[in-house]
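Thanks for coming. I have one structure to go through today, and I will take it piece by piece. Please have a look at it before I start.

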Amino acid sequence: MGGRAIALWNLAGRFYATDARCPHADGPLSSGSLSGTEITCPMHGWRFEIVSGEGLDPAEGCLRTYPIFRRGDRLWVLVDEATT
């Protein structure tokens, strides 16, 4: 059964969700380095903005982002409403 790996990012209590794999070579973004709102893929150094999913270096790559909402003490990611 197929599935989708999603990365959940916590930036000072604000949460964001993106695809967990780099679109370039399927690198594990959760093992990358996060600086502010930028994640760098550990495999080849591609950089992405986790709020928008925009590719930064190189600019042609992008990550799919997902809306998140909080209900009580749980976070919910809306997978079928991806924005990028």
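**Cysteines, sheets and backbone**

Cysteine 41 is buried, at a relative accessible area of 4%. Keep in mind throughout that what you are looking at is a predicted model.

I start with cysteine 41, and with what its sulfur has around it. The nearest cysteine sulfur belongs to cysteine 22, at 3.9 Å, and cysteine 41 is in no disulfide. The cut-off matters here: a pair of cysteine sulfur atoms has to be within 2.5 Å to count as a disulfide, so a pair at 3.9 Å does not count. Cysteine 62 is in no disulfide either, and for that residue the nearest cysteine sulfur, again that of cysteine 22, is 11 Å away. In terms of exposure, cysteine 62 is partly exposed, with a relative accessible area of 41%. For the structure as a whole, the search returns zero disulfides.

Now the sheets. As a reminder, strands of a sheet pair through backbone hydrogen bonds, either parallel or antiparallel.

One open sheet has three strands, in the order β1-β2-β7, and its pairing is antiparallel. Which strands stand at its edges? They are β1, residues 6-11, and β7, residues 65-66; each has a single partner strand, so one side of each has no neighbour in the sheet. Between β1 and β2, the latter being residues 14-19, the antiparallel pairing runs over six bridges.

Within that pairing, alanine 7 has threonine 18 of β2 as its bridge partner. Is threonine 18 buried or exposed? Threonine 18 is buried, with a relative accessible area of 0%. Leaving aside residues up to four places away in sequence, the contacts of threonine 18 include Ala5, Ile6, Ala7 and Trp9. Further along the sequence, threonine 18 also touches Ile50, Leu63, Arg64, Thr65 and Tyr66.

The loop between β1 and β2 holds alanine 12. Alanine 12 is not a glycine, yet its phi is positive, at about 55 degrees. With 86% relative accessibility, alanine 12 counts as exposed.

A second open sheet has four strands, in the order β3-β4-β5-β6, with antiparallel pairing. Its edge strands are β3 and β6, each of which pairs on one side only. From one strand to the next, the twist averages 30 degrees. Strand β5, residues 47-49, pairs with β6 in the antiparallel sense over two bridges. Arginine 47 has aspartate 57 in β6 as its bridge partner.

Aspartate 57 brings me to a point on the backbone. The peptide bond from aspartate 57 to proline 58 is cis, with omega near 0 degrees. Proline 58 sits in the loop between β6, residues 55-57, and β7. For context, most residues other than glycine have a negative phi, and most peptide bonds are trans.

There is another positive phi to mention, at aspartate 26, where the value is near 65 degrees. This aspartate 26 is in the loop between β2 and β3, the strand at residues 33-35. Aspartate 26 is partly exposed, with a relative accessible area of 45%.

Next, the hairpin. Strand β8, residues 68-71, and strand β9, residues 74-77, pair in the antiparallel sense over four bridges. Which residue in β9 stands opposite arginine 70? That residue is leucine 75. Arginine 71 has arginine 74 in β9 as its bridge partner. How many residues lie between the two strands of this hairpin? There are two, and glycine 72 takes a positive phi near 65 degrees.

Last, the segment after β9, where leucine 78 lies. At 25% relative accessibility, leucine 78 counts as partly exposed. Not counting residues up to four places away in sequence, leucine 78 touches Tyr66, Pro67 and Phe69. Tyr66 was also listed among the contacts of threonine 18. From leucine 78 to alanine 17, the C-alpha to C-alpha distance is 9.3 Å, and the two residues are 61 residues apart in sequence.

To recap the cysteines: cysteine 41 is buried, cysteine 62 is partly exposed, and the whole structure has zero disulfides. To recap the sheets: one open sheet is ordered β1-β2-β7, and another is ordered β3-β4-β5-β6. The hairpin is that of β8 and β9. That is where I stop.

Notes: Residues numbered from 1 in each chain as written. Predicted model: local features only at pLDDT ≥ 70, side-chain atom pairs only at ≥ 80, totals over all residues. Heavy atoms only, no water. Pairing = 2+ DSSP bridges. Buried < 20%, exposed > 50% of the residue type's maximum accessible area, 1.4 Å probe, protein only. Contact = heavy atoms within 4.5 Å. Axes fitted to C-alpha atoms, helices over the stretch in contact; angles between N-to-C directions.
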